[in-house]
Amino acid sequence: MQELINRAKELLADGTVVRVLGWRKGDMDYNPEVAYFNSAEELDNFVYDGFCGANLSKYMIEASKLEGKTLVFLKPCDTYSFNQLLCEHRVDRDKAYIIGVGCRGKLDIEKVKAQGISGITAVSGTELDGPDSIKVSTIYGDFDVAYTDAMLERCHVCKGKEHKIYDELIGESKDTHDMDRMAAVAAIEAMSPTEKFAYFQAELSKCIRCNACRNVCPACSCRKCVFDSTKFDSQQKANVDSFEEKMFHIIRAFHVAGRCTDCGECSRVCPQGIPLHLFNRKFIKDIDELYGKYQAGETADQRAPLVNFTFGDAEPSIVNERGSK
Amino acid sequence: MPLNEKTGEFTPKIVAFCCNWCSYAGADLAGSSRLAYPAEVKIIRVPCSCRVNPMFILRAFEKGADGVILCGCHPGDCHYSTGNYYARRRMTLLFSMLDYIGVEKGRTRVEWVSAAEGVKFSTTMNEFAAKIHELGPNVRLEDLRCKN
Ligand code: SF4
Ligand code: SF4
Ligand code: SF4
């Protein structure tokens, strides 16, 4: 972490960048927040630890409109989002100085709490070069939790620790991939329609329509979102009925289909713990199977599958053969 | 559930999005050739099959449709050259998603109908309506506020 701060100070001092986009200490150890740093003094609050899951790519849309270059720290998965935004001409490559930071998986405080640990006052040992277990201090005493047991779901299915775009790299990454990314989707596909419906009904009825999933998503960067339209019943409000829940989630997933890099931010920020990745990954899985393997953000000059076609594409009736029995 | 006033039977609401250049003309031909298709089918004319936003399909269900069918020019015959190719991908993914969340898959369909295919239009609509009768009313994707 100190290495990142030192390098940021150097780049600010020599005028390469005029501001730094990173994470700063939050009110608790487990909720650092995204912040701009404009001076060396401000950088004293900079953090980069296991809880810095926030993907900074989307912030570069606004930073690209500011005067001068911005230093931005991107984890391996964040670089896919940056590439995808470049592809869509939403960020300006010349306005960004990208330091690719190492990652050994990011943590989810909910995973810690799910182990029955409450009253958390502090968490330590989450740094990049920290130990294999983190120390959780609570009002009831201290607990050791294995790093991997506290990791976000998305890190267990990590796409890889290679940065897809950067100016320089700092920090060693560790492989965290130990689960099949499509396993949960395949499990749902194997259910009967009634079971599927009941499963999604139960998950989606938890949604409070806070729109956090949309606001954090790098692919959801439309200047005017359909869900802000007053002509549309589903605008910024709690769902009135079960239909609205589904409408919001299907349409949002559809809008990001082919552009979603599976960065996992939507599932990370959902206050209700809804597994939103199940929607995005269904589209990814279908696209891979029907139109050929595609990873959004792999490079900055791809054509997304939904703005593309081949003459021999499958007919929609293929769903009758592939879908539920 | 919409019931027939006389017979008390389930009368589905079926929405057919038809592109202006092929399928709508196909429906016209079916009419002028006196080929019957169910009155339950309500046609909405769109400039191109590709004009159909996935949201239109969901919206139709929300407002009480029991089945939604999209008809457009055959691939290769699109008035705007390539619109139906994009529609094809979109609808495939949307239908697959609807199936994934547990909506019965017979409720959605895409059919390519040219302006010369009045017969195909009428048989498609008859088949589709029969399927919806078999599936019964759509209860999984409706807006409860729209009831009664
Ligand atoms: S973040 Fe979660 S609760 Fe909020 S709108 Fe999205 S799905 Fe609903
Ligand atoms: S939909 Fe979720 S996983 Fe996909 S890009 Fe947006 S935030 Fe990331
Ligand atoms: S939900 Fe759709 S319209 Fe809204 S920001 Fe996301 S992609 Fe754009």
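L35(B) is partly exposed in this predicted model, with a relative accessible area of 28%. That figure falls between the 20% under which a residue counts as buried and the 50% over which a residue counts as exposed, so "partly exposed" is the label L35(B) gets. You'll find L35(B) in the loop between helix 1 and strand 2 of chain B. From there, the briefing moves to the chain B sheet, its helices, the contact with chain A and a sheet in chain A.

**Around L35(B)**

- Setting aside neighbours within four places in sequence, L35(B) touches A30(B), G118(B), V119(B) and S122(B).
- One of those partners, V119(B), sits 84 residues away from L35(B) along the chain, yet their C-alpha atoms are separated by 7.1 Å.
- The helix before this loop, helix 1 (residues 23-32) of chain B, belongs to a right-handed β-α-β unit together with strand 1 and strand 2 of chain B.

**The chain B sheet**

- Chain B has an open sheet of four strands, in the order 2-1-3-4, and the pairing is parallel.
- Strand 2 (41-46) and strand 4 of chain B are the edge strands; each has a single partner strand, so one side of each has no neighbour in the sheet.
- Going from one strand to the next, the twist averages 20°.
- Strand 1 of chain B pairs with strand 2 of chain B in the parallel sense, over six bridges. One pair to look for there is C18(B), whose bridge partner in strand 2 is R45(B).
- On its way through the sheet, strand 1 (residues 14-19) of chain B also pairs with strand 3 of chain B, again in the parallel sense, this time over five bridges.
- Two bridge pairs show how strand 1 and strand 3 of chain B line up: A16(B) partners I69(B), and F17(B) partners L70(B).
- Strand 3 and strand 4 (residues 108-112) of chain B run parallel and are joined by five bridges. In this pairing, C71(B) stands opposite E111(B).

**Strand 3 of chain B, inside and out**

- Why call strand 3 of chain B largely enclosed by the rest of the structure? Six of the six residues in strand 3 (residues 67-72) are buried, so that description follows.
- Both faces are covered: G67(B), I69(B) and C71(B) are buried on one side, and V68(B), L70(B) and G72(B) are buried on the other.
- Strand 3 of chain B also starts a right-handed β-α-β unit with helix 3 (residues 83-100) and strand 4 of chain B.
- Helix 3 of chain B lies across strand 3 and strand 4, running at about 160° to strand 4.

**Helix 2 against helix 3 in chain B**

- Helix 2 of chain B is mostly covered, with seven of its nine residues buried. The buried ones are P54(B), M55(B), I57(B), L58(B), A60(B), F61(B) and E62(B).
- The axes of helix 2 (residues 54-62) and helix 3 of chain B come within 10 Å and cross at roughly 40°. That angle makes the two helices oblique to each other.
- Their crossing is right-handed.
- At the contact, P54(B), I57(B), L58(B) and F61(B) of helix 2 meet M91(B), L94(B) and L98(B) of helix 3.
- Just past helix 2 of chain B comes G64(B), with a positive phi near 110°.

**Where chain A meets helix 3 of chain B**

- Which helix of chain A packs against helix 3 of chain B? Helix 11 (residues 277-291) does, at an angle of about 130° and with the axes 10 Å apart.
- Helix 11 of chain A and helix 3 of chain B are therefore oblique to each other, and the crossing is right-handed.
- Among the contact residues from helix 11 of chain A are L278(A), F279(A), K282(A), F283(A) and D286(A).
- Helix 3 of chain B contributes R88(B), R89(B), T92(B), L93(B), S96(B), M97(B) and Y100(B).

**A sheet in chain A**

- Three strands of chain A form an open sheet in the order 6-7-8, and the pairing is antiparallel.
- Strand 6 (120-124) and strand 8 (141-146) of chain A are at the edges with a single partner strand each, so one side of each is left without a neighbour in the sheet.
- Ignoring direction, neighbouring strands here are turned by 25° against each other on average.
- Strand 7 (residues 133-138) and strand 8 of chain A run antiparallel, joined by six bridges. K135(A), for instance, has D144(A) as its bridge partner in strand 8.

Definitions and conventions:
Residues numbered from 1 in each chain as written. Chains lettered and ligands numbered in written order. Predicted model: local features only at pLDDT ≥ 70, side-chain atom pairs only at ≥ 80, totals over all residues. Heavy atoms only, no water. Buried < 20%, exposed > 50% of the residue type's maximum accessible area, 1.4 Å probe, protein only. Pairing = 2+ DSSP bridges. Right-handed = clockwise from strand over helix to strand, strands pointing away. Axes fitted to C-alpha atoms, helices over the stretch in contact; angles between N-to-C directions. Parallel < 35°, antiparallel > 145°, perpendicular 65-115°, else oblique. Left-handed = near helix turned anticlockwise from the far one by under 90°. Contact = heavy atoms within 4.5 Å.
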